[in-house]
Amino acid sequence: MPSRRPGRWRPRTVAARRPLWYPPEPHVARTLAAPRVVNIADLRRLAERRLPRVVFDYIDGGAESEITLRENCRVFDQVTFRPRGAVAAPKTDLQTTVLGTTLALPFLLAPVGSTRMFYPRGEAVAAKAGGEAGTAYVLSTLSGCKLEEVKAATTGPCWYQVYLVGGREVTRAAIERARAAGFSALVVTIDTPVAGLRERDVRNGTKELVSRRPWTMLPFVWQFLARPRWLAGFLFDGGLMRFPNVVRPDGPMAYADVGAALEQSVVSWPDLEWIREAWNGPVVVKGVLTAEDARRAVDAGVEAVVVSNHGGRQLDGVAATLRALPEVVSAVRGRAEVLMDGGIRRGSDIVKALCLGARAVLVGRAYAYGLGAGGGAGVARAIEILRSDLARTLKLLGCASVAELGPSYIEVPADWRVDSPSHPSASAATEPLQVAQDQSSGSTTVKRSR
Ligand SMILES: Cc1cc2nc3c(=O)[nH]c(=O)nc-3n(C[C@H](O)[C@H](O)[C@H](O)COP(=O)(O)O)c2cc1C
């Protein structure tokens, strides 16, 4: 046998598997530069243009009346900054440490299911872009790429988000694979006892389109035909994906089975015990919105909680996550790390969340729009927008590093209330809310000023 000549060998990288006529990333990168793309809203607009309606709305939409979806973004406008003038901060330090790992940025890429529908090998290219920027990627159970492929695609840390779809043994097997592949934390999402009613998905025929029955699909396929470039990439990436990390005895779970599988596999607090045992590493609970659940998670021994309402995609009408954050930080009292997600579209949003006690945040749609707009280059652009926003906001605040951020840099509205009966300030619900940070423990407490 002839030996393989050095220089001829090509590793099986994500780039090598990209369909040939997909524009090389530098070309895409040019179309994603300023002045065309200045902020995340511009990436959203480009994603809307490139993706079929059903895919764009899957990313963009929320549950029912989308009240929580809107609120998640709106509340950031209610927090104002208190800058320090005449402070020179020529260099800003954006580094933070999450679960013992130093990240170059105080935000991670949130688990987003079915990302492979947005762009060929979507999960792998997003993870790669995250790693190149020095941050972590959280892979959803409901992903279209194998978890091993995603981990191999990035130089950064990867966490695995777990749904119990397929049952305990199927989940155990996935957890084992995630450990073997080098994932460093397990995220257990607790806000999906049933899929939220995303009305846009119903109207766009999501269920019909994944049925694989031509006559059922027919009234809705125009959405794909109207986006030939996306369609070409989708077909050459293998068409309608299965879930290669949910391997049942009869093979990887089919797309059409997701709703029913979620309902049959509700996670409950006792499950944390066997999950912790099976994983034997840091566990993060995602979907905490109250002091009660925060304490429950900490009592169960988790290393971190994510204040999250699933980006307004589950129970519509729950509080915006920024409003829930101080209550959770206060309840946790430094016994676990507190992260948050929901509504983050600018670096200044991240700064506000850090001032209110989050150690770092997760961004979902912000990078998903980038992926939909231009693959890995789009994700890189989204990350770069948030990174430069962060650095600029810190300089304008007169603050040299994210580690120094605290409540003294912001003002929250006087009518913000903390209504949880167990919250220390609940008895004075109409009084102005003040947030104070304990420098030694890093914990934030919330109290009324009068
Ligand atoms: C299209 C989409 C799919 C999502 N899929 C998952 C998922 O599979 N698992 C999960 O825990 N969260 C999932 N989420 C929620 C995100 O992890 C995150 O909580 C949310 O996107 C944060 O809000 P933001 O999009 O406003 O940043 C998804 C969010 C979106 C937008």
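This passage walks through a predicted model of a single chain, from its overall make-up to a few individual helices, loops and residues.

The chain holds 19 helices and 16 strands. Of its 450 residues, 50% count as buried. Contacts reach well along the sequence: among those between residues at least 6 apart, 70% join residues at least 24 apart.

Helix 19 is a good place to start. This helix covers residues 365-397, 33 residues in total, yet its end C-alpha atoms are only 26 Å apart. A straight helix would reach 48 Å at 1.5 Å a residue, and the model shows a bend in helix 19 of about 145° at Gly374. The surroundings of the helix are also worth a look. Because 26 of its 33 residues are buried, helix 19 is largely enclosed by the rest of the structure. Just after the helix comes Gly398, with a positive phi near 75°.

Not every residue of helix 19 is hidden, and Ser388 offers a contrast. Ser388 sits in this helix but is exposed, since 11 other C-beta atoms lie within 10 Å and a residue with 12 or fewer counts as exposed. Along the chain, Ser388 and Gly347 are 41 residues apart, while 7.5 Å separates their C-alpha atoms.

Helix 19 also takes part in the surroundings of the ligand. The shell around the ligand comprises 26 residues, and those that come nearest are Gly113, Ser140, Gly311, Gly364 and Arg365. At least two residues of the shell come from each of helix 4 (53-60), strand 13 (360-363) and helix 19. The most are given by helix 19, with three residues. Sorted by class, the shell contains 11 nonpolar, 11 polar and four charged residues.

Helix 16, residues 291-299, shows how burial can be arranged around a helix. Its residues Ala291, Asp293, Ala294, Ala297 and Val298 are buried. These residues lie on the same side of helix 16, because they cover an arc of only 165° around the axis. A rule of helix geometry helps in picturing this: an α-helix has 3.6 residues a turn, so residues three or four places apart point the same way. The buried residues of helix 16 pack against strand 10 (283-288), strand 11 (304-307) and helix 17 (321-332). After helix 16 comes Gly301, whose phi is positive and near 90°.

Helix 17 appears again in the packing of helix 5 (67-78). The span of helix 5 is as expected, because its 12 residues should cover 16 Å at 1.5 Å a residue and its end C-alpha atoms are 16 Å apart. Thr68, Leu69, Glu71, Asn72, Val75 and Phe76 are the buried residues of helix 5. These pack against helix 17 and helix 18 (347-355).

Among the strands, strand 5 (residues 137-139) includes Val138. This valine counts as buried because 25 C-beta neighbours lie inside 10 Å, where 20 or more are needed. Leaving out residues up to four places away in sequence, Val138 touches Leu108, Leu109, Ala110, Pro111, Trp159, Gln161, Val187 and Leu362. One of these partners, Val187, is 49 residues away from Val138 in sequence, with 8.1 Å between their C-alpha atoms.

The loops bring some backbone details of their own. In the loop between helix 2 (25-31) and helix 3 (40-50) lies Pro35. The peptide bond that joins Ala34 and Pro35 is cis, with omega at about 10°.

Two further loop residues have a positive phi without being glycine. For Glu64 the angle is near 45°, and this residue belongs to the loop between helix 4 and helix 5. Glu64 counts as partly exposed because its C-beta neighbours inside 10 Å number 17. For Arg121 the positive phi is about 50°, and the residue lies in the loop between strand 4 (107-109) and helix 6 (122-132). Arg121 counts as buried, because 26 C-beta neighbours are found inside 10 Å.

Note on methods:
Residues are numbered from 1 along each chain as its sequence is written. This is a predicted model: local features need pLDDT of at least 70, side-chain atom pairs count only at pLDDT 80 or more; totals for chains, interfaces and linings use all residues. Helices (H or I, at least four residues) and strands (E, at least two) are DSSP runs, numbered from the N terminus. The expected span of a helix is 1.5 Å times one less than its number of residues. The bend at a residue is the angle between axes fitted to the seven residues ending there and the seven starting there. A residue is near a molecule or strand if its C-beta atom, placed from the backbone, lies within 6 Å of it. Ala, Val, Leu, Ile, Met, Phe, Trp, Tyr, Cys and Pro count as nonpolar, Asp, Glu, Lys and Arg as charged, and the others, Gly among them, as polar. Two residues are in contact if their C-beta atoms, placed from the backbone, lie within 7 Å. The arc is that of the directions from the helix axis to the C-beta atoms.
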